[in-house]
Amino acid sequence: MTAQDSATRPTRIAVPAASTASTASTVPPAPTGTLMAALGVIAFSLTFPSTAWGLEGIGPWSFVTLRGVLSALVAGSCLLVLRVAVPDRRHWAGLAVVGAGVVVGFPLLTTLALQTSTTAHAAVVVGLLPLTTAVFSAVRTGARPSRTFWAAALAGAAAVIGFTVQQSGGALSTADLYLFGALLICAAGYTEGGRLAREMPGWQVIGWALILCLPLNIAGAALALPHESFHLTGHSTAGLLYAALGSQFLGLVVWYRGMAAIGVPKASQLQLAQPLLTLVWSVFLLGEHLPVATPLTAAAVLVCIAVTQRARG
């Protein structure tokens with residue numbers, strides 16, 4: 001090759017590779033992603049017990065709106081201190097779905113349900129949530145898990161639903177409308193948040209969604225507080241703080257980051273363990289009775305989770 005050939009040879013510009021590296025830098029490796037998603041499930045498993053504690057001294061509408069305000073203040077402080085740029089306009093519609101699903105809709109509907117429902121019965125929502133989230137993901141993002149994945153997901157959902165319905169005596173309450181509504185809207189929020197977390201860090205996804213809902217929560221708190229009970233006991237204070245910081249912010253931070261790494265369908269199936277964890281917490285924190293069938297159901301659920309994690313995505 002002559003010097004002239006070398007001079008005239010076109011230079012390859014690796015812009016796509018740089019862009020890909022930039023995007024991938026926000027997504028952790030798969031093993032780390034699985035761990036993060038699992039930590040999110042553990043954080044979420046305490047949501048119902050902490051809400052039950054909060055309702056001991058705080059009215060439902062006040063509890064939900066104050067929860068949103070507190071978590072938004074923490075998230076907003078982080079965004080401000082780190083000087084995070086405002087998301088692109090194309091991201092705001094997705095952030096609105098996240099806000100409607102996991103910041104407002106799910107907390108409000110489940111809190112209203114827990115006024116008349118036990119934490120065990122409310123676990124029916126979480127028992128259906130993994131399968132519903134996987135379906136939403138398939139429709140929204142085009143994810144196509146294998147038949148083995150769907151079979152294991154259905155089996156796991158059936159095991160959890162059968163267990164929780166059996167423990168509640170098979171009776172349906174007026175709270176079920178709230179619970180099934182919460183199921184659908186939360187699945188949409190999880191799916192959209194998992195998609196956005198592949199384009200921006202997971203903590204920014206939930207952070208901006210909380211900021212987007214802050215005016216609504218402030219207005220709701222201003223309307224609710226004068227008309228509802230508000231007594232800061234040890235339980236109600238701990239319940240409010242955990243729901244705001246542990247469940248609504250930190251839990252969702254690791255959850256969305258885990259979703260970005262292993263995909264929405266696989267991450268969602270880890271939540272099959274959440275109702276059983278909730279029952280364990282309810283024994284220690286609320287004094288509820290742990291059913292004898294719990295270990296058997298837990299073993300069946302763990303098998304289903306293992307199959308979904310190994311199935312072809």
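In which helix is L285 found? In this predicted model, L285 belongs to helix α13, which covers residues 274–286. The residue is partly exposed, its relative accessible area being 31%. Although L285 and P49 are 236 residues apart along the chain, their C-alpha atoms are separated by 7.0 Å. Once residues up to four places away in sequence are set aside, L285 touches L46, P49 and W53.

Two of these contact partners, P49 and W53, are among the buried residues of α4. Helix α4 spans residues 47–54, and because seven of its eight residues are buried, it is largely enclosed by the rest of the structure. The buried set consists of T47, F48, P49, S50, T51, W53 and G54.

The overall architecture is helical, with 14 helices and zero strands in the chain, so that the order of elements from the N terminus on is written as α-α-α-α-α-α-α-α-α-α-α-α-α-α. The chain has 313 residues, of which 50% count as buried. When contacts between residues at least 6 apart in sequence are considered, 91% of them join residues at least 24 apart. The pairing of L285 with P49 is one case in which residues distant in sequence, here by 236 places, have C-alpha atoms separated by 7.0 Å.

The packing of helix α9 (residues 175–196) against helix α11 (residues 234–262) was examined next; their axes come within 8 Å and cross at roughly 65°, and the crossing is right-handed. On the α9 side the contact involves G189, Y190, G193 and G194, which meet L252, W255, Y256, M259 and A260 of α11. Classified by residue type, this contact has six nonpolar and three polar residues, and no charged ones.

Helix α9 also holds Y178, which counts as partly exposed at 36% relative accessibility. Beyond its neighbours up to four places away in sequence, Y178 touches L109, L112 and A113. The C-alpha atoms of Y178 and L108 lie 8.8 Å apart in space, while the two residues are 70 apart in sequence. Helix α6 covers residues 92–113, and the three residues touched by Y178, namely L109, L112 and A113, accordingly fall within that range.

A search of the whole structure for internal space finds one cavity of 30 Å³ or more, and about 160 Å³ of space lies in the largest cavity. Its lining is made up of 16 residues, with F44, R67, F106, Y190 and S247 lying nearest the centre. The elements that give two or more residues to this lining are α4, α6 (92–113), α7 (119–141), α9 and α11. By class, the lining comprises 10 nonpolar, five polar and one charged residues. Y190 appears both among the lining residues nearest the centre of the largest cavity and among the residues of α9 that meet α11.

Further long-range pairs involve the end of helix α10 (202–224) and the loop that follows, between α10 and α11. A224 is found in helix α10 and is buried, with a relative accessible area of 9%. Leaving aside neighbours within four places in sequence, A224 is in contact with W61 and S62; A224 and T65, which are 159 residues apart in sequence, lie 8.4 Å apart in space, C-alpha to C-alpha. E228, found in the loop between α10 and α11, touches G59, P60, W61 and S62 when residues up to four places away in sequence are not counted. The C-alpha atoms of E228 and W61 are separated by 8.0 Å, with their positions 167 residues apart along the chain. W61 and S62 are thus contacted by both A224 and E228.

A backbone feature of note concerns R83, which is placed in the loop between α5 (60–81) and α6. Most residues other than glycine have a negative phi. The phi of R83, by contrast, is near 55°, a positive value in a residue other than glycine. R83 counts as exposed, at 77% relative accessibility, because the value is over the 50% cut-off for that class.

Technical notes:
Residues are numbered from 1 along each chain as its sequence is written. This is a predicted model: local features need pLDDT of at least 70, side-chain atom pairs count only at pLDDT 80 or more; totals for chains, interfaces and linings use all residues. Side-chain values use heavy atoms; hydrogens and water are left out. Axes are lines fitted to C-alpha atoms, for helices over the stretch in contact, and angles run from 0 to 180 degrees between N-to-C directions. Helices (H or I, at least four residues) and strands (E, at least two) are DSSP runs, numbered from the N terminus. A crossing is left-handed if the near helix is turned anticlockwise from the far one by less than a right angle, and right-handed if clockwise. Contact means heavy atoms within 4.5 Å. Ala, Val, Leu, Ile, Met, Phe, Trp, Tyr, Cys and Pro count as nonpolar, Asp, Glu, Lys and Arg as charged, and the others, Gly among them, as polar. On a 1 Å grid over the protein atoms alone, a cavity is a set of points where a 1.4 Å probe fits but cannot get out, and a pocket is an open set with protein on both sides within 12 Å along at least five of seven lines; lining residues have an atom within 4 Å of a point. Grid points are joined across faces, edges and corners, and a volume is the space filled by probe spheres set on the points. Buried means under 20% relative accessible area, exposed over 50%, partly exposed in between (1.4 Å probe, protein chains only).
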